[in-house]
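Work through the exercises below with the sequence and the coordinates open beside you. Try each task before reading its solution.

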Amino acid sequence: MYFPVARPRRLRSSANMRRLVRENHLRVDDLIYPFFVTGGSNVQKPVESMPGVYNLSIDRLLTKVAAIQALGIPGILLFGIPDSKDAFGSGAYDAGGIVQQAVRAVKDKFPDLLVITDVCLCEYTDHGHCGIVHESQVLNDPTLELLARTAVSHAQSGADIVAPSDMMDGRVQAIRKALDAEGFANIPIMSYSVKYASAFYGPFREAAGSAPQFGDRKTYQMDPPNLREALREAEQDIAEGADIIIVKPAMAYMDVIAAVRGNFDSPLAAYNVSGEYSMLKAAARLGWIDERRTTLELLTGMKRAGADIIITYHAPDVARWLNE
Ligand code: PBG
């Protein structure tokens, strides 16, 4: 059917007409909000490159979490900033570690809120890599046991979902086995299956103090030009027992989100990372873009690409806008 019979503009003629034929929706239900938790009390240290984001001590975290729950956001993602670091990242799997304490405190006060924990060593190692280092190499298999211990200790503290972000091979299987052996067969794994070695993590590394002290993460995180490799990573993680798949970053990888959605039926999360957030905030501060409209457009684009879930630092703003 062609013009003049077909007139696509007929279905764009009014706000209600557009509502009726709208194909994708961004909802508060889709959002997960990340937090950076640190020791001490009454700490609320701004992350310079991420306006509105802070390093929070547990008491301040609880105040912010109350606001997140009030907005109707279903879950939060916790990153820990430990007081001290060592070669083996022992703070990551310490029963009294910062994330373990934070999970207990949050679940105690907000039992219904989903608490997801990032499982990785890079915030806890003195060299800043996501695994054990020997002679400048990041060792895969010896790292698996430490990741599994980290995940189990998060589950023991009350985490609802564990999210491994290290990109070691076989970590989903190692974590699944360890969780099952410790009585946590019902705790889901949300795997950063498709995580690229991205420049967009810059502001996060300021927030978490987790920049590698030598080299980079290119021997374990994915090479940005690759797409087919993303499908192999996702397939492998699903086979190892991943319940939810993450693609990260989001904005420069919409095609990857769409391809993973097209090939697999697992719930899919897009991680709208720190640098993506900072870019928008910076342009908005300069008055160069409309923050609300551009943010909603980008996040809705992630839904259209096929994401079910969006992990984003914009979550409180977006929830406020959507609830209006
Ligand atoms: C830890 C981790 C990183 C992010 C999430 N988990 C940093 C990295 O891999 O360097 C990045 C999140 C963001 O940029 O918002 N491995």
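The exercises that follow concern a predicted model, and they deal with pockets, ligand contacts and backbone geometry.

**Exercise 1. Describe the largest pocket by its volume, its lining residues and the element that gives the largest share of the lining.**

Solution. Begin with the volume, which for the largest pocket is about 430 Å³. Next, list the lining, which is made up of Arg22, Asn24, His25, Leu26, Leu296, Glu297, Thr300, Gly301, Arg304 and Leu322. Then assign these residues to elements: helix H10, spanning residues 291-305, provides five of them, the largest share. Finally, sort the lining by class, which gives three nonpolar, four polar and three charged residues.

**Exercise 2. Which elements give two or more residues to the lining of the second largest pocket, and which residues lie closest to its centre?**

Solution. The second largest pocket holds about 230 Å³ of space. Its lining has 13 residues, of which Tyr33, Gly52, Lys64, Pro316 and Arg320 are the closest to the centre. Two or more lining residues come from each of helix H2 (58-70), helix H9 (274-285) and helix H11 (315-323). Sorting this lining by class gives eight nonpolar residues, one polar residue and four charged residues. A separate distance check links Pro316 with Ala67, a residue of helix H2: although their positions lie 249 residues apart along the chain, the C-alpha atoms of Ala67 and Pro316 are separated by 8.4 Å. Ala67 counts as partly exposed because its relative accessibility is 42%, which falls between the limits of 20% and 50%.

**Exercise 3. Is His314 buried or exposed, and with which residues beyond its sequence neighbours is His314 in contact?**

Solution. First locate His314, which sits in the loop between strand S12 (309-312) and H11. Its relative accessible area is 1%, and because buried means under 20%, His314 is buried. With neighbours within four places in sequence left aside, the contacts of His314 are Asn272, Tyr277, Leu280, Thr295 and Leu299.

**Exercise 4. Which residues come nearest to the ligand, and which side chains place a polar atom at 3.3 Å from a ligand nitrogen atom?**

Solution. Of the 19 residues around the ligand, the nearest are Lys195, Arg205, Lys248, Ser274 and Tyr313. Turning to individual atom pairs, a polar side-chain atom of Ser165 is found 3.3 Å from a nitrogen atom of the ligand, and for Lys248 a polar side-chain atom likewise lies 3.3 Å from a ligand nitrogen. With Arg217 the ligand atom is an oxygen, which is 3.0 Å from an N or O atom of the side chain.

**Exercise 5. Where does the backbone show cis peptide bonds, and which residues other than glycine have a positive phi?**

Solution. Take the omega angles to begin with. Phe3 and Pro4 are joined by a cis peptide bond with omega of about 10 degrees, and Pro4 belongs to the segment before helix H1 (15-20). The bond from Lys248 to Pro249 is also cis, its omega being near -10 degrees, and Pro249 is placed in the loop between strand S10 (244-248) and helix H8 (254-263).

Now take phi. Ser136, in the loop between strand S6 (132-134) and strand S7 (137-139), has phi near 65 degrees, while Met167, in the loop between strand S8 (161-164) and helix H5 (171-181), has phi near 70 degrees. As to their surroundings, Ser136 is exposed at 53% relative accessible area, whereas Met167 is buried at 4%.

Notes:
Residues are numbered from 1 along each chain as its sequence is written. This is a predicted model: local features need pLDDT of at least 70, side-chain atom pairs count only at pLDDT 80 or more; totals for chains, interfaces and linings use all residues. Side-chain values use heavy atoms; hydrogens and water are left out. On a 1 Å grid over the protein atoms alone, a cavity is a set of points where a 1.4 Å probe fits but cannot get out, and a pocket is an open set with protein on both sides within 12 Å along at least five of seven lines; lining residues have an atom within 4 Å of a point. Grid points are joined across faces, edges and corners, and a volume is the space filled by probe spheres set on the points. Helices (H or I, at least four residues) and strands (E, at least two) are DSSP runs, numbered from the N terminus. Ala, Val, Leu, Ile, Met, Phe, Trp, Tyr, Cys and Pro count as nonpolar, Asp, Glu, Lys and Arg as charged, and the others, Gly among them, as polar. Buried means under 20% relative accessible area, exposed over 50%, partly exposed in between (1.4 Å probe, protein chains only). Contact means heavy atoms within 4.5 Å. A residue is near a molecule or strand if one of its heavy atoms lies within 4 Å of it. A polar contact is a pair of N or O atoms within 3.5 Å; within protein, one must be able to donate a hydrogen and the other to accept it, and residues adjacent in sequence count only if both atoms are side-chain atoms.
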